[in-house]
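Colleague: Please take a close look at a single part of this model. I would like one connected account of a buried acidic residue and what surrounds it, followed by the core and a second acidic residue.

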Amino acid sequence: MTLPRIATPEEHLQARRKLLIREKELTDLRDEINTQRRNLPMVEVTKDYAFVGPDGKVGLIDLFEGRQQLIIYHFMFDPDSDTGCPSCSAGTDEMCDGLLDHLHTRGTTYAMVSRAAFEKLERWKADKGWTLPWYSSFDSDFNFDFGVTIDEQHSTYNFRTREESEAMGLDFPVAEKPFEMPGQSCFLQVDGRVFHTYSQYARGLESTGGSYYFLDLTALGRQEEWEEPKGRSDSARRAVPDFSS
């Protein structure tokens, strides 16, 4: 198992100040990208999507719970499965009530949507001890339209077609039946009209929960096999964020 080299406090300070320059560059770049994200054009959602929640059948605007903004986590839960995705569950485990309260203070609702039946979602939610809102979209095109259920007619994920992904050497989900993938989408309501403002997929979802971002601050990092430098863990894990090991 490799470890950082041992240095004097002066050497550490010199190296740390050098890294701080790059961190400041990253902060500035993140602010710039966030500005570009806020300046993205928005698209009105005109399709009448139907969801099932604790109060029965509802529409997309009902998921806002009266607030102006809505963040939806597209939680992977196949209709034929009795259990939720381990990675999605790991991130959701970390969605504490305090975080939700802070979002509510800024007029933003956080909710999850999956294609599995609402009764399955409720059982998994109870088993996990979660309190956040969760809706089933099984009777609508919502998951397909927002790029998280893949089939022959909907073969785009993370804004790339299957052909584009394969040309880049990236894996693309292939299955005989519709295949669930994770994602997150943001919506804004204005005078009763709902607009889609942003979606993200794949590694863009790492901020959900936040454990990865804390581990990135440490000497051993995420302890996954792709990371540099190598050898920082006795048993490097695969890049699957289920935190089962």
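Modeller: Leaving aside residues up to four places away in sequence, Glu-227 touches Leu-220, Gly-221 and Arg-222. This is a predicted model. Glu-227 sits in the segment after helix H7 (211–215). Glu-227 is buried yet has no salt bridge. Arg-222 carries the nearest side chain of opposite charge, 4.8 Å away, and a salt bridge is counted only within 4 Å, so this pair does not qualify. The backbone nitrogen of Arg-222, however, lies 3.0 Å from a polar atom of the Glu-227 side chain.

Next, the core. The largest nonpolar core has 18 residues, and those touching the most other members are Tyr-73, Phe-75, Phe-77, Tyr-110, Met-112, Trp-130 and Trp-134. Strand E4 (69–74), strand E5 (108–114) and helix H4 (118–128) are the elements that give two or more residues to this core. Beyond its neighbours within four places in sequence, Met-112 is in contact with Tyr-73, Phe-75, Thr-92, Trp-130, Leu-132, Pro-133, Trp-134 and Tyr-135. Another core lies apart from this one; it has 16 residues, including Leu-63, Val-113, Phe-146 and Val-194.

Trp-130 also leads to the second acidic residue. The side chain of Asp-93 makes a polar contact with the side chain of Trp-130 at 3.0 Å. Asp-93 belongs to helix H2 (residues 86–93). With a relative accessible area of 42%, Asp-93 is partly exposed. Outside its neighbours within four places in sequence, Asp-93 is in contact with Lys-128 and Trp-130. The C-alpha atoms of Asp-93 and Gly-209 are separated by 7.3 Å, although the two residues are 116 residues apart along the chain.

Note on methods: Residues numbered from 1 in each chain as written. Predicted model: local features only at pLDDT ≥ 70, side-chain atom pairs only at ≥ 80, totals over all residues. Heavy atoms only, no water. Helix = DSSP H or I, 4+ residues; strand = E, 2+ residues; numbered from the N terminus. Buried < 20%, exposed > 50% of the residue type's maximum accessible area, 1.4 Å probe, protein only. Lys, Arg positive; Asp, Glu negative; His and termini not counted. Polar contact = N/O pair within 3.5 Å; in protein donor to acceptor, adjacent residues only side chain to side chain. Contact = heavy atoms within 4.5 Å. Core = buried A, V, L, I, M, F, W, Y, C linked by side-chain atoms within 4.5 Å.
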